[in-house]
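Let's take a friendly tour of some aromatic rings, the charges that sit over them, and a couple of unusual backbone angles. Have the viewer ready and follow along.

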Amino acid sequence: MKWRTKTEVELVRFATSVIVRGGHSRLLKHAVAAMQPQRVVTFADHAVSDGGLYEQCGFIKDGELRPDYTYYFRGERVHKFLFRLKRFRNDPNLLWDES
């Protein structure tokens, strides 16, 4: 978690490759006790999660953002940052045609 303001922290990411029953709630409880924020905020990427884990821990859904575009390259989802125009223009290993 990281501080957003003097009273608010953001749970930036929770990810695991294995199932640890109660792991998220225990980590969250410990972090809140240690940091003592007045408010904790986070979000769920619906391409990966439905957000149920956060609801189980007492988070309240505040809103929902429209889906953003995504790229699939060689069968894997990759971040759109890898396909920015500047990279294609400047990377000699990529084919770029100004027209």
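Two rings of Phe, Tyr or Trp (its six-membered ring) count as a pair if their centres lie within 6.5 Å. In this predicted model, the structure holds five aromatic pairs. One of them joins tyrosine 69 and tyrosine 71, with 5.7 Å from centre to centre and 80° between the planes. Planes over 60 degrees apart count as edge-to-face, so the pair of tyrosine 69 and tyrosine 71 is edge-to-face.

Both tyrosines belong to one aromatic cluster, formed by Tyr69, Tyr71, Phe73, Phe83 and Phe88. Is tyrosine 69 buried or exposed? Tyrosine 69 is exposed, with a relative accessible area of 51%, while tyrosine 71 is partly exposed at 32%.

Charges over rings come next. Lysine 80 lies over the face of tyrosine 69, 4.7 Å from the ring centre. Arginine 84 places its charged end over the ring of phenylalanine 81, at 3.8 Å from the centre of that ring.

Now for the backbone. Glutamine 36 is not a glycine, yet it has a positive phi of about 55°. Arginine 74, also not a glycine, has a positive phi of about 55°. The table shows where each residue is found.

| Residue | Loop between | Relative accessibility |
|---|---|---|
| Glutamine 36 | α1 (23-35) and β3 (39-41) | 63%, exposed |
| Arginine 74 | β4 (71-73) and β5 (76-78) | 75%, exposed |

Glutamine 36 and arginine 74 count as exposed because their relative accessibilities are 63% and 75%, and exposed means over 50%.

Definitions and conventions. Residues are numbered from 1 along each chain as its sequence is written. This is a predicted model: local features need pLDDT of at least 70, side-chain atom pairs count only at pLDDT 80 or more; totals for chains, interfaces and linings use all residues. Side-chain values use heavy atoms; hydrogens and water are left out. Rings of Phe, Tyr and Trp (its six-membered ring) pair if their centres lie within 6.5 Å; planes under 30 degrees apart count as stacked, over 60 as edge-to-face and the rest as tilted. Buried means under 20% relative accessible area, exposed over 50%, partly exposed in between (1.4 Å probe, protein chains only). A charge sits over a ring if NZ of Lys or CZ of Arg is within 6 Å of the ring centre and within 35 degrees of the ring normal. Helices (H or I, at least four residues) and strands (E, at least two) are DSSP runs, numbered from the N terminus.
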